[in-house]
Amino acid sequence: MKKEIFLQLAKKYEEGTCTPEEKIAVESFFDKMQEQSSDIELSDEKGDVILNKIFSELQVKPKKYTIRKALKIAAILVVGLSIAFSAAKFVFQPRKITQLTAKGEKKEIFLEDGSVIVLNSNSSVTYPEEFDKTRNIELVGQAYFKVFRDVKRPFIVQTHDVKVRVLGTSFDINSYNHHDTKVSVISGKVEVSSPTGKKVQITKNQQADLIQNSDFQISTENSDDKIAWISNTIMLKNTKLSETVKIIENWYNVSIDIEDQELNDLTISGKFKDEKLENVLESIAYLKQLKINYTTKNHITIRKKTP
C-alpha cells in the first residue's frame, strides 16, 4: 500500500467521508497496528506531537480525539510506514471468489492471469480476484486446469490432501472426498506434494495417486482419457462399481444405492458419450448381470439379478 493512498484514506476517515467498507477497513487497520505495537509506550506529550504531524500531512484541522484513538494512530508512525504497509496488505487482501457446480453441471472459468479452469460437477474452486506473488487455488472435487505460463508467479492448487505446483501446463485433478486424489498431466510438468511432505514430479501421460494419505503411486496411461469428461464422455477402465456409482451420481444428479455390498468391487469398463442415464445403467446391468430398480426418478437401487 503506497503512502499517498494511505494518507488519502486516512483523510477521508478523519473527515467522515469514508464508505462503510472503507471505515471498517481503516478501523481494522488501526486495531491491527495497536496489537502489533502494544509494547510501545508513548507519553501524552509525544503522542500529541505525532498526532499533529499526522494532521499536518493530511492538511486538516485536528478534532478532539480520545487518547486511545490518538495512540492507535500514533503507533502507526512510531512503528514505521514499512510495517504499516505490511499490515495494510493484511487488511486489504484481494477479494476471494468461490465458483460452485451442482451435480450434473460443468463450468468454464477464466482467471485474470489468462489461465482457464473447467470445473466438473459437484465441485468448487476458490481463488483471489487478483493474484499476487503466487497464484493460489483451492479445489474441492474435480477440475481441469490450463495454466498460463508465468515463471515469476507459481500456480498452486491445494486440495484436501495434496498440493500441486506448476508454472505453466495443463493437468487434471480428481479430488472428490470419496477417494484419495489423482493428478493427471496433459502437458508440461507438475510437482505434487503430500501432507507428509513427500514430493513427486510427473509429466505428460503420467498420473500420481495418493496412497493412504502419505505416499504416491505413479502410473502411465493416456491422459486424454482423464479429461474425457470435458467432452461429456464417461470413461471407465476397470473401475469399481462403488466408484462408478459415484461418477454416475455426480454426472446425472441422482442417488444410487448398492443393495449387496459384495457388488462394490465389481469392475466396469466402458465408454459412454452423451448417453442417457437409462442406457448407461442398462449397459452396466447387462455386463455384470445386475438388476436396476427405480424407487423414484432420481433414486435408484442396484442389486443382484435373481434367477
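# Exercises on a predicted model

Three strands of this predicted model make up an open sheet of mixed pairing, in the order E15-E18-E17. The exercises below start from this sheet and then turn to other parts of the chain.

## Exercise 1. The sheet and its strands

Determine which strands lie at the edges of the sheet, and in which sense E15 and E18 pair.

Solution. The first step is to look for strands that pair on one side only; these are strand E15 (255-258) and strand E17 (290-296), the edge strands. The next step concerns orientation: neighbouring strands of the sheet are turned against each other by 25° on average, direction ignored. Finally, E15 pairs with strand E18 (residues 299-304) over four bridges, in the parallel sense. Ser 255 stands opposite His 299 in E18.

## Exercise 2. Two helices on the sheet

Establish which strands H6 and H7 touch, and how the two helices are oriented towards each other.

Solution. Helix H6 packs on the sheet and touches E15, E17 and E18, its direction making about 165° with that of E15. Helix H7 also packs on the sheet. H7 touches E17 and E18, and its direction makes about 145° with that of E17.

The helices are then compared with each other. The axes of helix H6 (residues 241-252) and helix H7 (residues 277-288) come within 11 Å and cross at roughly 170°. Angles over 145 degrees count as roughly antiparallel, and therefore H6 is roughly antiparallel to H7. On the side of H6, the contact is made by Leu 241, Thr 244, Ile 248 and Tyr 252; on the side of H7, by Leu 277, Val 280, Leu 281 and Ile 284. Seven of the residues in this contact are nonpolar, one is polar and none is charged.

## Exercise 3. Thr 244

Decide whether Thr 244 is buried or exposed, and list its contacts beyond four places in sequence.

Solution. Thr 244 has its place in helix H6. Its relative accessibility is 1%. Buried means under 20%, so Thr 244 counts as buried. Leaving aside neighbours within four places in sequence, Thr 244 is in contact with Leu 236, Thr 239, Ile 268 and Ile 284.

## Exercise 4. Strand E9

Explain why strand E9 is described as largely enclosed, and identify its pairing with E8 and E12.

Solution. Strand E9 (residues 182-187) has five of its six residues buried, so the rest of the structure largely encloses it. E9 pairs with strand E8 (residues 170-175) in the antiparallel sense over five bridges. Within this region, Val 183 of E9 is the bridge partner of Ile 173. E9 also pairs with strand E12 (residues 206-211), in the antiparallel sense over three bridges. Here the bridge partner of Lys 182 is Asp 209 in E12.

## Exercise 5. Nonpolar cores

Find which strand gives the most residues to the largest nonpolar core, and name some members of the second core.

Solution. The largest nonpolar core has 29 residues. Those touching the most other members include Ile 137, Phe 145 and Val 190. Strand E5 (residues 135-146) gives the most to this core, with four residues. The second core is separate and has 27 residues, among them Tyr 144, Ile 186, Leu 236 and Val 254.

## Exercise 6. Phe 216

Work out whether Phe 216 is buried or exposed.

Solution. Phe 216 is found in strand E13 (residues 215-220). At 11% relative accessibility, Phe 216 counts as buried. Its contacts beyond four places in sequence include Val 162, Val 192, Ser 193 and Leu 210. The C-alpha atoms of Phe 216 and Ser 193 are separated by 9.1 Å, and the two residues are 23 residues apart along the chain.

Notes
Residues numbered from 1 in each chain as written. Predicted model: local features only at pLDDT ≥ 70, side-chain atom pairs only at ≥ 80, totals over all residues. Heavy atoms only, no water. Axes fitted to C-alpha atoms, helices over the stretch in contact; angles between N-to-C directions. Parallel < 35°, antiparallel > 145°, perpendicular 65-115°, else oblique. Contact = heavy atoms within 4.5 Å. Nonpolar A, V, L, I, M, F, W, Y, C, P; charged D, E, K, R; others polar. Pairing = 2+ DSSP bridges. Core = buried A, V, L, I, M, F, W, Y, C linked by side-chain atoms within 4.5 Å. Buried < 20%, exposed > 50% of the residue type's maximum accessible area, 1.4 Å probe, protein only.
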